[in-house]
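Open the structure in your viewer and keep the selection tool at hand. The tour below goes from one selection to the next and says what is found at each.

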Amino acid sequence: PTQELEARVRDIKAQLGKKLFIPGHHYQKDEVIQFADVRGDSLQLAQMAEKNREAEHIVFCGVHFMAETADILTVDNQKVYLPDMRAGCSMADMADIYQTERAWEKLTNIFGDTILPLTYVNSTAAIKSFVGQNGGATVTSSNAEKMVQWAFKQKERILFLPDQHLGRNTAYSLGISLDEMAVWNPITDELEYDGPVENIKVLLWKGHCSVHENFTVKNIEEVRRNYPNMNIIVHPECRREVVALSDMAGSTTYIINMIEKAEPGSAWAIGTEMNLVNRLIQEHPDKHIISLNPHMCPCLTMNRIDLPHLVWCLDTIMEGEGHNVIQVDDKTATFAKMALDRMLERS
Ligand code: 13P
Ligand code: SF4
């Protein structure tokens with residue numbers, strides 16, 4: 001029964017006090033996020049993991065790569081747990097370290113020492129480590145522009161992985177034309193590009209978010225037709241053409257801030273994960289808010305963290321065993337931290 005489970009979480013939180021820290025990503029379910037000590041987007045959660053030195057147990061309510069990041073940024077006596085190990089990210093799964101090493105070899109054969117790798121935080125610790133070792137950095141959706149500008153001060157070109165859409169949208173907003181962007185296909189190990197390769201400035205990994213790819217130009221046309229006064233705001237993991245036709249694009253925190261400061265009575269169609277959109281609808285009854293895609297788009301892996309898994313994970317901590325510990329090996333963590341630090345210093 002839900003009430004018993006909720007009472008159990010409250011009881012464990014009271015018993016462990018500051019020894020327990022529960023960060024929660026904005027896409028988490030209400031039944032889970034209500035117990036988060038802090039809520040945030042990927043950047044804020046990484047910053048908070050780095051700042052908190054009191055907690056011995058960090059129960060991460062988000063997905064696997066976020067828990068790995070928290071482990072990399074915390075110290076030895078702090079343990080990070082993921083309540084359900086199946087809470088991965090389909091985008092992060094689109095780039096593995098072997099594909100990345102192969103791509104790097106081929107691309108550096110073509111372009112020499114002119115490429116800086118940047119990886120979206122939605123990637124494995126092994127890829128962050130590879131990027132750190134090669135002078136690059138991580139980015140999140142809230143600092144991507146700043147980090148891409150930084151990268152172009154170091155090298156002539158960037159390899160941006162694993163989200164082609166965030167990479168393309170960010171580069172485009174900085175004035176780089178679509179003709180200067182090529183796509184690296186990690187399945188065929190080939191560059192998808194028609195023109196002369198010297199013109200390429202941005203190499204985009206062919207990955208995407210299966211949630212945000214569900215927002216389409218047709219969705220936008222329908223909203224424009226049915227609600228001519230509606231503002232359309234989307235996450236930059238959406239395709240280029242969707243971002244181009246929207247009124248605004250930004251990270252989950254940006255979307256929340258825009259809705260919070262919007263005029264009562266204003267109308268919004270939001271292109272991001274369903275749990276967040278539903279929460280904004282509930283919290284702002286004075287505004288007309290809908291999902292840009294009427295069929296809504298859940299992130300199935302984020303949703304794997306539910307109240308029963310949270311309680312189970314906390315119970316194992318209380319029993320002294322602590323299951324589902326996320327531990328990145330030292331060598332990987334050292335280089336991954338270099339990539340994360342380069343971002344955090346500039347955020
Ligand atoms: P942000 O929290 O950085 O907006 O990213 C969204 C996301 O897809 C997290 O997986
Ligand atoms: Fe990964 Fe997309 Fe889910 Fe974010 S919303 S965790 S990018 S699958």
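Begin with helices H7 and H8, where Ala144, Glu145 and Val148 of H7 meet Leu166, Thr170, Ala171 and Ser173 of H8. By class, this contact of H7 with H8 holds four nonpolar residues, two polar ones and one charged one. The two axes come within 9 Å and cross at roughly 75°, and H7 and H8 are therefore roughly perpendicular to each other. Keep in mind that this is a predicted model.

Next, select Leu161 and Pro162. A cis peptide bond joins Leu161 and Pro162, with omega at about -5°. Pro162 lies in the loop between strand E8 (157-161) and helix H8 (164-173).

Now move to helix H14, residues 330-344. How far apart are the end C-alpha atoms of H14? They are 20 Å apart; at 1.5 Å a residue, the 15 residues of H14 should span 21 Å, so the two values agree. Colour the buried residues of H14: Thr332, Ala333, Ala336, Lys337, Ala339, Leu340, Arg342 and Met343. A general point helps in reading such a list: an α-helix has 3.6 residues a turn, so residues three or four places apart point the same way. The buried residues of H14 pack against helix H3 (42-51), H4, strand E6 (115-120), helix H6 (125-133), strand E7 (137-139) and helix H7 (144-154).

Of these partners, add helix H4 (residues 64-73) to the selection; the axes of H4 and H14 come within 9 Å and cross at roughly 100°. That crossing makes H4 roughly perpendicular to H14. To see the contact, show Thr69, Ile72 and Leu73 of H4 with Ala333, Ala336, Lys337 and Leu340 of H14. By class, there are five nonpolar residues here, one polar and one charged.

Turn to the ligands. Which residues surround ligand 1? They are Asp41, Ser42, Cys89, Asn122, Thr140, Ser141, Ser142, Cys209, Glu237, Ser251 and Thr252. This shell has two nonpolar, seven polar and two charged residues.

Then select ligand 2, which has 13 residues around it; Cys89, Met91, Cys209, Val211 and Cys299 come nearest. The shell of ligand 2 divides into seven nonpolar, four polar and two charged residues. Cys89 and Cys209 appear in the shell of ligand 1 and again among the residues nearest ligand 2.

Go on to Ile233, in strand E12 (residues 231-234). Is Ile233 buried or exposed? Ile233 counts as buried, because it has 22 C-beta neighbours inside 10 Å. Measure from its C-alpha atom to that of Ala249: the two residues are 16 residues apart along the chain, yet these atoms are separated by 5.5 Å. Leaving aside neighbours within four places in sequence, Ile233 is in contact with Ser246, Asp247, Met248, Ile255, Met258, Trp268 and Ile270.

Two loop residues end the tour. Asp189 sits in the loop between strand E9 (181-185) and strand E10 (190-192). The phi of Asp189 is near 60°, a positive value in a residue other than glycine. With 12 C-beta neighbours inside 10 Å, Asp189 counts as exposed.

Finally, select Asn324, in the loop between helix H13 (307-318) and strand E16 (325-326). Asn324 has a positive phi of about 60°, although it is not a glycine. Asn324 is partly exposed, with 19 other C-beta atoms within 10 Å.

Methods
Residues numbered from 1 in each chain as written. Chains lettered and ligands numbered in written order. Predicted model: local features only at pLDDT ≥ 70, side-chain atom pairs only at ≥ 80, totals over all residues. Axes fitted to C-alpha atoms, helices over the stretch in contact; angles between N-to-C directions. Helix = DSSP H or I, 4+ residues; strand = E, 2+ residues; numbered from the N terminus. Parallel < 35°, antiparallel > 145°, perpendicular 65-115°, else oblique. Contact = placed C-beta atoms within 7 Å. Nonpolar A, V, L, I, M, F, W, Y, C, P; charged D, E, K, R; others polar. Near = placed C-beta within 6 Å. Expected span 1.5 Å × (residues − 1). Buried ≥ 20, exposed ≤ 12 C-beta atoms within 10 Å, placed from the backbone.
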